[in-house]
Amino acid sequence: MARIIGGITTSHIPAVGNAIAQGLFEDPYWKPFFDGYPPVHEWLAKNKPDVVINIYNDHGLGFFLDKMPTFAIGAAHEYRNEDEGWGIPQLPPFPGAPELSWHIIEGMVADEFDITSCQELAVDHGFTVPMQLFWPGLTDNPDMPPAIPISANTVQHPIPTLNRALAFGRSLRRAVLSYPKDLKVVVLGTGGLSHQLDGERAGFINREFDEYCMDKIVTDPDALTKISRMELVEKAGAQGTEFLMWMMMRGALGDKVNLLHSNYHIPISNTGAGTMLLECVD
Amino acid sequence: MELAEFDHHADIPGTTIFDGRMAMKGYALNKMCYSFNAAEARAEYLRDPEAYFDKFGLNDEQKAACRAKNVLAMIAAGGNIYYLAKFAGIYKLSVQDVGAQQTGVTTEEFKQKLLDAGKK
Ligand SMILES: [Fe+2]
């Protein structure tokens with residue numbers, strides 16, 4: 001049977017992709033951020049997941065306001081990165097895991113979680129930057145597993161509640177664990193932490209709130225469901241709502257997890273950047 | 001059941017909640033900006049911005065905000081920052097340039113403010 005072995009969170013700021021392309025790992029601005037990743041690399045090298053479920057939020061590449069799915073799951077053989085408007089270097093396509101995708105979609109809809117399935121989905125920096133961070137070299141890296149992208153809407157309100165995000169993850173877990181093949185699955189929660197790009201409050205970062213979230217998500221994610229969506233905007237910033245992806249990931253990890261590694265650094269671009277490695281206990 | 005009013009209309013200073021109301025108001029502007037994902041669209045826009053505004057049916061407020069490259073005005077006209085970022089990209093404006101413009105400081109000052117947030 002399939003198992004979920006752990007979860008990894010990271011910010012997915014576009015500037016990180018450029019820094020990787022330019023090899024700025026030892027640069028004084030970037031070093032405190034990139035230093036958060038070697039422990040994750042070691043864990044991945046040791047555990048070698050067979051599939052990665054990459055939970056991110058699209059930023060206006062794969063979806064537009066004409067049709068905006070609240071929760072979308074990729075069900076394709078491969079996922080392409082495309083120009084997001086600033087001509088970033090194109091990456092090779094990411095292999096998918098459509099059989100498991102459809103199993104998850106069947107399982108979650110039977111579980112009364114209504115989602116949108118995608119046989120074509122252009123994946124943006126929210127998906128690609130974490131893949132680059134965790135599997136340097138991407139398709140040249142023999143350890144990079146096939147991926148299933150899951151995107152939640154944080155572009156347009158109403159966005160899902162934190163409670164719904166956690167419940168999504170729990171339903172995802174039930175679906176994955178019922179897959180009959182022996183597979184090791186790792187789940188990514190990407191985005192955040194606090195940041196705001198728009199308005200007179202642009203540049204808002206909230207260390208105290210980020211640290212609270214990073215603490216509670218390990219020990220008591222249900223406590224975080226008490227935060228309303230507007231409170232999340234207020235305390236995490238307008239784009240800090242991407243923390244929903246972390247909640248979705250957390251739900252997929254089961255009740256108890258071990259925190260193996262954590263890093264937090266301000267600022268990367270406009271953002272409080274957080275990285276966490278959580279290992280499943282059950 | 002009572003609607004949770006706070007959840008719809010939180011008053012967070014300096015923050016526009018991009019909800020259905022704003023999404024309807026800004027649809028044409030955001031659709032134009034979404035088109036800028038494609039390099040050909042960016043080139044077409046640069047050849048004749050006014051014609052490109054009309055192609056997407058921007059209203060006068062949206063056109064004026066775009067001509068001025070005024071991000072706060074574009075947001076007031078219904079722009080969503082994720083799409084506006086693609087407009088900013090055409091003019092090689094970074095998120096720090098955009099942040100500086102909106103907060104009335106230089107880009108260097110804005111970057112310093114971010115660095116200072118890390119020292120707290
Ligand atoms: Fe993001």
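A polar contact is a pair of N or O atoms within 3.5 Å, where, within protein, one atom must be able to donate a hydrogen and the other to accept it. With that criterion in hand, select chain A and chain B together in this predicted model, and the count between them is 20 residue pairs in polar contact, both residues being at pLDDT 80 or more.

**The side of chain A that touches chain B**

Restrict the selection to chain A and colour helix H9 (229-236) and strand E9 (257-268), each of which supplies at least two residues of the side that touches chain B. H9(A) gives the most to that side, with five residues. Colouring the same side by class shows 16 nonpolar, 16 polar and 11 charged residues.

Now bring chain B back into view: 43 residues of chain A are in contact with 42 residues of chain B. The area buried between the two chains is about 3500 Å², and carbon and sulfur atoms give 59% of it.

**The salt bridge between the chains**

Across this interface the rule finds one salt bridge. Select B:Arg42 and A:Asp83, whose closest N and O atoms are 2.8 Å apart. Buried or exposed, where does B:Arg42 stand? With a relative accessible area of 13%, B:Arg42 is buried, because the cut-off for that class is under 20%; A:Asp83, at 17% relative accessibility, likewise counts as buried.

**Salt bridges within chain A**

Over all chains the structure holds 16 salt bridges, and two of those within chain A make the next stops. Select A:Lys31 and A:Asp35, which form a salt bridge with their closest N and O atoms 3.3 Å apart. A:Lys31 counts as partly exposed at 30% relative accessibility, and A:Asp35 counts as partly exposed at 40%.

Move next to helix H7 (residues 207-219) of chain A, where A:Glu211 and A:Arg207 lie four residues apart, about one turn of the helix. The closest N and O atoms of this salt bridge are 3.6 Å apart. A:Glu211 is partly exposed, with a relative accessible area of 39%, while A:Arg207 counts as partly exposed at 24%. Then add A:Glu26 to the view, since salt bridges that share partners join A:Glu26, A:Lys31 and A:Asp35 into one network.

**Chain A as a whole**

Finally, zoom out to chain A, whose secondary structure comes to 10 helices and 10 strands. Its radius of gyration is 17 Å, close to the 19 Å that the globule rule gives for 282 residues, so chain A is as compact as a globular protein of that length.

Methods
Residues numbered from 1 in each chain as written. Chains lettered and ligands numbered in written order. Predicted model: local features only at pLDDT ≥ 70, side-chain atom pairs only at ≥ 80, totals over all residues. Heavy atoms only, no water. Contact = heavy atoms within 4.5 Å. Buried area = accessible area lost by both parts, 1.4 Å probe. Salt bridge = Lys/Arg side-chain N within 4 Å of Asp/Glu carboxyl O. Polar contact = N/O pair within 3.5 Å; in protein donor to acceptor, adjacent residues only side chain to side chain. Nonpolar A, V, L, I, M, F, W, Y, C, P; charged D, E, K, R; others polar. Rg over C-alpha atoms; globule rule 2.2 N^0.38 Å. Buried < 20%, exposed > 50% of the residue type's maximum accessible area, 1.4 Å probe, protein only.
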